[in-house]
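Please look through the sequence and the structure shown here before reading on. The paragraphs that follow go from one sheet to another, then to the ligand, and then to the domains.

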Amino acid sequence: MIDIHDMTFSYGDSLALKQVNLHETEPIIMGLWGRNGAGKTTLMKLLSGQENPNGGQIRVNGISPYNNNNTMKEVTYIQENHPFSELWNVNDALRFGSYFSANWDQALADELVSLFELPRKKKIKHFSKGMQTMISIVIGLASKSPITIMDEPTNGLDAHMRKLFYDVLLDTYEEQPRLIILSSHHIDEIEPLCEMIAIVDNQTITRYEETESFKMQGIILNGPKNAIDELTTGSTILEERKLGNQVHVMLDVPYNEDWIARAKLAKVNIEKAPLQDYLVNITSKKEPVKK
Ligand SMILES: Nc1ncnc2c1ncn2[C@@H]1O[C@H](COP(=O)(O)OP(=O)(O)OP(=O)(O)O)[C@@H](O)[C@H]1O
């Protein structure tokens, strides 16, 4: 479905992506996580054919996507704060979506507009931020495109609407599996949906792994300095804080029976590092400490 090999892209003289590699043949839900400016949006633009790489290769369903009419039919890209015309209401936006999507499902679009309680006649520019996100979601899901890319799809949604979004996305995905790519800075908002997560950091994809494997990784230890020092010898420390004789560290190791037993023996408190904190630390500019 997508195959990216040593791809590089610059905006003029400014390098945005370098040596990107990503290969996915299955219709899965993929998360794209990275910090501000990491290159997520640029990668999504390249996948949807809006930009042309300067080097390397990108293939979407076997073809180079840039300026390719076939890509336009097969890939739907919903940008963050999608720029709807000032004049449009919901019906206009849906008509626009239907023009560009070969698999457009009008019944689903109507169902989602009702579910999200979006007023059909009100101008979209007068919608709240969450409502604007919802109409973008409707267009993304009703497109039923083989490759559907959504930038920050939970932006502005409250907990209730986010839950609705999860439910409808999974329902439509189960009905018709396709490659759905969701980007976010907040991993917790997309992680429940994603089978695989790609980490975009320092202008490239540094890791592409199963969500479950990321969720296993990273532990936090709290305890006396000497006990922590002994336990952490040989491990990579991602974060360290001291309070008197007490030390708090995050290690880049799996949260497993072995570490739970070692911590118990050393009388040190152990817990799983929150996924978002773990990812922030592994993409931090500061060098991790190897003890
Ligand atoms: N049109 C542009 N012209 C020049 N530089 C750009 C342009 N768009 C993005 N960039 C630069 O490319 C880099 C990657 O930006 P990009 O928008 O892809 O990051 P991002 O991961 O989506 O960030 P965010 O999470 O903040 O939206 C940044 O350094 C950014 O300043």
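**The sheet of six strands**

Strands E3 and E8 run parallel and are joined by five bridges. Within this pair, Gly 34 has Val 200 of E8 opposite it. The model in which these strands appear is a predicted one.

On another side of the description of E3 is strand E7, residues 179-184, which runs parallel to E3, residues 29-34, with five bridges between them. Here Ile 29 has Ile 180 in E7 as its bridge partner.

E8 also pairs with E9, in the antiparallel sense and over six bridges. The two strands make a hairpin that has two residues between them. In that turn, Asn 202 has a positive phi of about 50°. Asp 201 and Thr 204, the latter in E9, stand opposite each other.

Which order do the strands take in this open sheet? The order is E5-E6-E7-E3-E8-E9, six strands with mixed pairing. At the edges are strand E5 (75-78) and strand E9 (204-210), each of which pairs on one side only. From one strand to the next, the twist averages 15°.

A helix accompanies the E5 end of the order. Helix H5, residues 129-142, lies across E5 and strand E6 (147-151), and runs at about 175° to E5.

**The sheet of three strands**

A second open sheet has three strands in the order E2-E1-E4, and its pairing is antiparallel. Why is one side of E2 and one side of E4 left without a neighbour in the sheet? E2 and strand E4 (55-60) stand at the edges and each has a single partner strand, so one side of each has no neighbour there. Neighbouring strands of this sheet are turned against each other by 25° on average, with direction ignored.

Strand E1, residues 2-11, runs antiparallel to E2, and seven bridges join the two. One of the residue pairs is formed by Tyr 11 and its bridge partner Ser 14 in E2. Helix H1 lies across E1, E2 and E4, and its direction makes an angle of about 60° with E2.

**Around the ligand**

Tyr 11 and Ser 14, the bridge partners in E1 and E2, are also among the residues around the ligand. The others listed there are Ala 16, Gly 34, Asn 36, Gly 37, Ala 38, Gly 39, Lys 40, Thr 41, Thr 42 and His 185. Two elements give two or more residues to this shell, strand E2 (14-24) and helix H1 (40-47). Which of the elements gives the most to the shell? It is H1, with three residues.

Gly 34, which stands opposite Val 200 in E8, belongs to this shell as well. The shell therefore draws on residues already met in both sheets: Tyr 11 and Ser 14 in one pair of strands, and Gly 34 in another. By class, the shell has three nonpolar, eight polar and one charged residues.

**Two domains**

How many domains does the assignment give for the protein? The assignment gives domain 1 (2-202) and domain 2 (217-290). Taken over C-alpha atoms, the centres of domain 1 and domain 2 are separated by 36 Å. Where they touch, eight residues of domain 1 are in contact with four residues of domain 2. On the domain 1 side, helix H7 (187-190) and strand E8 (196-201) are the elements that give two or more residues. The residues of that side divide into three nonpolar, one polar and four charged.

A further strand pair is found at E11, residues 236-243, and E12, residues 246-254, which run antiparallel with six bridges. In this pair, Glu 240 stands opposite Val 249 in E12. E11 and E12 form a hairpin, with two residues between them. Gly 244, in the turn, has a positive phi of about 60°.

**Confidence of the model**

The scores of the model are ipTM 0.98 and pTM 0.92. For the protein, the mean pLDDT is 92, and 98% of the residues reach 70 or more. Where pLDDT is low, predicted coordinates should not be read in detail.

Methods: Residues numbered from 1 in each chain as written. Predicted model: local features only at pLDDT ≥ 70, side-chain atom pairs only at ≥ 80, totals over all residues. Near = placed C-beta within 6 Å. Helix = DSSP H or I, 4+ residues; strand = E, 2+ residues; numbered from the N terminus. Nonpolar A, V, L, I, M, F, W, Y, C, P; charged D, E, K, R; others polar. pLDDT = per-residue confidence, 0-100. Domains from an automatic or database assignment. Contact = placed C-beta atoms within 7 Å. Pairing = 2+ DSSP bridges. Axes fitted to C-alpha atoms, helices over the stretch in contact; angles between N-to-C directions.
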